[in-house]
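Thanks for coming. I'll walk through one structure, starting with a sheet and ending with the empty spaces.

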Amino acid sequence: MKKILLGLATAALLSACSSDPEKLQSANDSYQKSNTPIPSFAPLASGGVNLPQQASTYDLPNVAVKRDTTVDIRPPAAPLAIIKNSLTQFDGKRALIVYSNEQASLYNLQQIQRLLKEEGIDSTINGAVLLTDWHSTERADDKTGTEIRYQVEQFTAHDASALGVSVSQMRRNNILFTPSVAEKQRYTSDRLNRFVATLTNNYTKQQQDLNNASVGAFQSGLITDINGRTALGMDATFGQAWEKLGSVLPKLGFAIKSETAGRGQRELKYSPLNKEDWLRLGGNAPNLEKGTYLMQISAVGKQSALVITDEENKALSGESAQEIYQALGTLLAK
């Protein structure tokens with residue numbers, strides 16, 4: 001008997017939790033659904049006595065109320081100034097955040113494309129505009145089959161940068177529809193806030209990893225990163241990889257010109273080693289031109305990956321990438 005009662009209680013709880021998404025948008029207000037007319041009152045019988053007249057100062061206006069109108073009870077979303085010293089607004093079409101140019105290396109289209117890739121959402125960048133593919137809105141208060149395409153723009157001025165998120169298209173069950181201004185504000189603000197919050201949290205975590213890193217030998221190997229580039233995958237946290245690479249890169253001819261630890265970036269000046277030095281490392285000298293290069297570390301959990309690019313932002317590839325990364329792997333394992 002107890003098992004039967006428990007089963008009934010569980011079923012009732014599940015049915016209550018699996019409510020219609022539209023019920024999460026509007027209040028269950030019986031007055032709004034009621035068509036009962038507002039009651040009226042007849043004047044009092046004076047019985048021949050002159051009663052004082054009612055002042056009209058506090059009379060309620062005679063307004064026709066549409067009781068069948070659905071009232072959206074969800075709080076309006078707004079872009080948040082998560083970045084220090086930033087400004088935000090919704091201009092009726094897009095959610096915007098403005099920040100200093102020094103922070104543009106962290107908050108940019110390439111970083112956003114990386115976040116989207118990690119969420120399984122494809123996108124394309126054309127100049128200063130990123131356009132996502134169709135994907136679910138992932139909101140509990142949306143009907144099943146609601147999909148969206150976002151457009152993300154990056155603006156740059158002489159003293160500031162900005163990111164703007166707008167709705168490119170929306171559809172429900174493959175039928176296109178135009179969202180209202182309130183819906184545009186809700187979707188674009190929510191998406192922009194998630195982008196900025198994730199990038200900020202990742203940056204903060206990397207800084208903490210750097211402060212707590214204990215460096216030792218670790219294994220590594222050639223991989224292909226999420227952007228299809230040849231990279232060096234490392235069995236180490238971001239902080240460990242950052243510290244260790246700082247000591248081994250100069251041994252391969254990469255002098256460190258500048259670095260931004262929290263973003264995992266270093267500017268490198270490459271001067272080729274002689275053949276004897278490469279033989280001691282157990283490899284052959286790569287066909288790599290002398291010049292300036294950039295290294296970028298990205299972290300996924302307790303592992304990380306290294307990509308080295310040239311001045312045109314082209315990643316090392318082919319035999320040159322293999323020789324460089326394998327030599328780095330040998331030094332990292334010591």
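**The sheet, two residues and two spaces**

I'll start with one facing pair: L232 stands opposite L306 in strand β14. Keep in mind throughout that this is a predicted model.

L232 belongs to a pairing between β10, residues 230-234, and β14, with three bridges joining the two strands in an antiparallel arrangement. On β14 itself, residues 303-309, six of the seven residues are buried, so the strand is mostly covered.

What joins β14 to β13? Seven bridges do, and these two strands also run antiparallel, with β13 covering residues 291-300. One facing pair here is L294 and T309, the latter in β14. The two strands make a hairpin with two residues between them. G301 sits in that turn and has a positive phi of about 65°.

Moving along, β13 is also joined to β12, residues 265-270, by six bridges, again antiparallel. In that pairing L268 stands opposite Y293 of β13.

Now the whole sheet. It is open and has six strands, in the order β9-β10-β14-β13-β12-β11, with antiparallel pairing. Which strands stand at the edges? They are β9, residues 220-224, and β11, residues 254-260. Each has a single partner strand, so one side of each is left without a neighbour in the sheet. From one strand to the next, the twist averages 30°.

A general reminder before the helices: strands of a sheet pair through backbone hydrogen bonds, either parallel or antiparallel.

Helix α5, residues 238-248, packs on this sheet. Its contacts are with β10, β11, β12, β13 and β14, and its direction makes about 155° with that of β13. Helix α7, residues 318-332, lies across β9, β10, β11 and β14. The angle between α7 and β10 is about 10°.

**Helix α3**

Next is helix α3, residues 109-118. Its buried residues are L109, Q111, I112, R114, L115 and L116. Please note Q111 and R114 in that list, as both names come back with the pocket. At the start of the helix, a side-chain oxygen of N108 comes to within 3.2 Å of the backbone nitrogen of Q110. Just after the helix, G120 has a positive phi of about 80°.

**Two buried residues**

I picked two single residues to look at. The first is I148, in strand β6, residues 146-156. Is I148 buried or exposed? Its relative accessible area is 0%, and the cut-off for buried is under 20%, so I148 counts as buried. Leaving out residues up to four places away in sequence, I148 touches D133, W134, H135, T137, V167, Q169, M170 and Y187. S136 is 12 residues from I148 along the chain, and the C-alpha atoms of the two are separated by 6.3 Å.

The second is N193, in helix α4, residues 181-212. N193 has a relative accessible area of 14%, which also falls under the 20% cut-off, so N193 is buried as well. Setting aside neighbours within four places in sequence, N193 is in contact with A78, P79, L80 and I82.

**The pocket and the cavity**

Last, the empty space. In general, rolling a probe the size of a water molecule over the atoms shows where empty space is left.

The largest pocket holds about 1,100 Å³ of space. Its lining has 41 residues, and those nearest its centre are Q111, R114, R229, Q296 and S298. The elements giving two or more residues to this lining are α3, α4, β9, β10, β13 and β14. Which of them gives the most? That is β13, with seven residues.

How many cavities of 30 Å³ or more does a search of the whole structure find? The search finds one. The largest cavity has a volume of about 50 Å³. Its lining is made of H135, S136, T137, E138, R139, Y150, Y187, D190, R191 and R194. Here the elements giving two or more residues are β5, residues 135-136, and α4. The largest share, four residues, comes from α4.

Some names recur between these parts. H135, T137 and Y187 are among the contacts of I148, and H135, T137 and Y187 also line the largest cavity. Likewise, Q111 and R114 are among the buried residues of α3, and Q111 and R114 are among the lining residues nearest the centre of the largest pocket.

Conventions. Residues are numbered from 1 along each chain as its sequence is written. This is a predicted model: local features need pLDDT of at least 70, side-chain atom pairs count only at pLDDT 80 or more; totals for chains, interfaces and linings use all residues. Side-chain values use heavy atoms; hydrogens and water are left out. Buried means under 20% relative accessible area, exposed over 50%, partly exposed in between (1.4 Å probe, protein chains only). A polar contact is a pair of N or O atoms within 3.5 Å; within protein, one must be able to donate a hydrogen and the other to accept it, and residues adjacent in sequence count only if both atoms are side-chain atoms. Two strands pair if DSSP finds at least two bridges between them. Axes are lines fitted to C-alpha atoms, for helices over the stretch in contact, and angles run from 0 to 180 degrees between N-to-C directions. Contact means heavy atoms within 4.5 Å. On a 1 Å grid over the protein atoms alone, a cavity is a set of points where a 1.4 Å probe fits but cannot get out, and a pocket is an open set with protein on both sides within 12 Å along at least five of seven lines; lining residues have an atom within 4 Å of a point. Grid points are joined across faces, edges and corners, and a volume is the space filled by probe spheres set on the points.
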